[in-house]
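Please open the structure in a viewer and keep the selection panel at hand. The tour below proceeds one selection at a time and states what is to be found at each stop.

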Amino acid sequence: MTKTIPAEVVEHLRNAVRVAVLTGAGVSAESGLPTFRQAQTGLWSHYDPTELATPEAFLRNPRLVWDWYAYRRRMAREAHPNPAHYALVTLEQHAANFTLITQNIDGLHRRAGSQSILELHGNLERIRRFDSGTDVETWDDDGQTPPRCPQTGELLRPSVVWFGEALPQQELRMAYSVAEQSDLFLAVGTSALVQPAASLPLIAKRAGAYVIEINPEETSLSVIADCCFRGKAGVVLPILVRQAFGETEEAVG
Ligand code: NAD
């Protein structure tokens with residue numbers, strides 16, 4: 001990392017009463033899960049993820065989209081939380097009031113031990129019926145791709161938010177409220193291109209929060225952030241937590 005930690009950042013980390021964190025795919029990059037802007041690998045290298053993650057793509061070719069998510073589910077299960085996920089667990093333990101808002105669907109924050117999580121884009125492990133949108137409790141791989149609901153016959157799909165779809169309203173309302181009330185807001189590993197998540201740091205900033213961005217690349221948030229760290233989340237976050245609280249969680253797999 002190219003920057004020493006300004007004293008005011010340490011002060012904000014220590015003294016903030018309401019801490020909100022927004023994470024994006026960059027937080028899981030060091031766990032080996034590619035972001036949408038990184039080249040996909042193997043079989044999937046010829047596909048543009050933003051063109052697979054849509055209801056239209058599913059209707060056009062349900063098998064292709066189901067298989068892509070099955071592949072991503074397998075990758076997420078095989079991945080391990082990285083030092084960024086663990087540093088956020090430590091931050092939560094030190095904050096009086098803490099909410100982690102994530103756009104990630106890989107479940108790694110929960111596996112690391114974070115407690116207060118708002119999943120804005122769903123979770124790879126949940127499956128729902130395509131037409132009615134209701135979640136299924138359990139589902140069997142019945143040999144068909146994608147499988148169908150045994151009760152209604154509807155096609156099953158991952159319970160994630162695709163491009164062009166609405167976010168879960170309750171989570172979104174809570175995220176807006178958390179952003180508005182926060183006094184410290186961290187945006188970590190998000191390109192800030194996908195709305196409405198990208199507006200959360202702006203809402204926090206307008207309401208008076210101190211905003212920190214952690215991302216190796218500049219984004220549209222960089223101009224409004226009070227402090228930007230141009231580094232990897234798995235490097236920067238443990239340093240911030242160590243400087244503020246003198247400890248980091250050890251990775252336990
Ligand atoms: P994005 O792919 O648009 O952007 C990722 C950002 O992370 C980029 O700005 C990049 O510079 C940054 N980045 C890359 N490596 C990093 C690192 N080591 N540390 C910190 N930052 C790093 O992702 P997004 O903003 O989350 O939005 C796109 C959509 O992608 C979301 O809807 C999300 O659900 C989905 N997505 C999720 C996963 C996942 O769950 N792991 C993976 C890919 C995409």
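**First stop: a pair in helix α1**

Select Arg14, which counts as partly exposed at 43% relative accessibility. The model is a predicted one. Add Glu11 to the selection; Glu11 is likewise partly exposed, with a relative accessible area of 40%. The two side chains, Arg14 and Glu11, meet in a salt bridge with an N to O distance of 3.9 Å. Both residues belong to helix α1 (residues 7–15), where they are three residues apart and therefore separated by about one helical turn. This pair is one of seven salt bridges that the structure holds.

**Second stop: a salt-bridge network**

Next, select Glu119, Arg126 and Asp135, which are linked in a network of salt bridges. Begin with Arg126, a partly exposed residue with a relative accessible area of 35%. One of its partners is Glu119, with the closest N and O atoms 3.7 Å apart. Another partner of Arg126 is Asp135, and here the closest N and O atoms are 3.3 Å apart. Is Glu119 buried or exposed? Glu119 is buried, with a relative accessible area of 13%. Asp135, by contrast, counts as partly exposed at 37% relative accessibility.

**Third stop: the antiparallel sheet**

Now display strand β4 (residues 122–129) as a ribbon. Six of the eight residues of β4 are buried, so the strand is largely enclosed by the rest of the structure. Which strands make up the open sheet around β4, and in what order? The order is β5-β4-β6, three strands with antiparallel pairing. Strands β5 and β6 stand at the edges with a single partner strand each, so one side of each has no neighbour in the sheet.

Examine the two pairings in turn. Toward strand β6 (residues 156–160), β4 pairs in the antiparallel sense over four bridges; select Arg129 and the residue opposite, Leu156 in β6, to locate this pairing. Toward strand β5 (residues 135–136), β4 is joined by two bridges, again antiparallel. Here Arg128 stands opposite Asp135 in β5, and Asp135 is also a member of the salt-bridge network visited above.

β4 and β5 form a hairpin with five residues between them. Select Gly133 in the turn, which has a positive phi of about 80 degrees. Then show helix α5 (residues 62–78), which lies across β4 and β6 and runs at about 145 degrees to β4.

Before leaving this region, select Gln151 in the loop between β5 and β6. Gln151 is exposed, with a relative accessible area of 63%. For a sense of scale, draw a distance from its C-alpha atom to that of His80: the two residues are 71 residues apart along the chain, and the atoms are separated by 35 Å.

**Fourth stop: the parallel sheet**

Turn to the second sheet on this tour. It is an open sheet of six strands in the order β3-β2-β1-β7-β8-β9, and the pairing is parallel. Its edge strands are β3 (117–119) and β9 (227–229), each of which pairs on one side only. Neighbouring strands are turned by 15 degrees against each other on average, direction ignored.

Within this sheet, select strand β7 (residues 184–188) and strand β8 (residues 210–214), which pair in the parallel sense over five bridges. Leu184 and its bridge partner Tyr210 in β8 serve as a marker for the pairing. Add helix α10 (residues 233–245), which lies across β7, β8 and β9 and runs at about 140 degrees to β8.

**Final stop: the two domains**

Colour the chain by domain. The domain assignment gives domain 1 (7–33 + 80–121 + 161–252) and domain 2 (42–78). Their centres, taken over C-alpha atoms, are 26 Å apart.

How many residues of each domain are in contact with the other? Ten residues of domain 1 are in contact with twelve residues of domain 2. The area buried between the domains is about 880 Å², and carbon and sulfur atoms give 67% of that area. To see the leading contributors in domain 1, select Leu33, Trp162 and Phe163: they supply 62% of the area that domain 1 buries against domain 2, more than any other three residues. Across the interface of domain 1 and domain 2, the rule finds zero salt bridges.

Key. Residues numbered from 1 in each chain as written. Predicted model: local features only at pLDDT ≥ 70, side-chain atom pairs only at ≥ 80, totals over all residues. Heavy atoms only, no water. Buried < 20%, exposed > 50% of the residue type's maximum accessible area, 1.4 Å probe, protein only. Pairing = 2+ DSSP bridges. Contact = heavy atoms within 4.5 Å. Axes fitted to C-alpha atoms, helices over the stretch in contact; angles between N-to-C directions. Domains from an automatic or database assignment. Buried area = accessible area lost by both parts, 1.4 Å probe. Salt bridge = Lys/Arg side-chain N within 4 Å of Asp/Glu carboxyl O.
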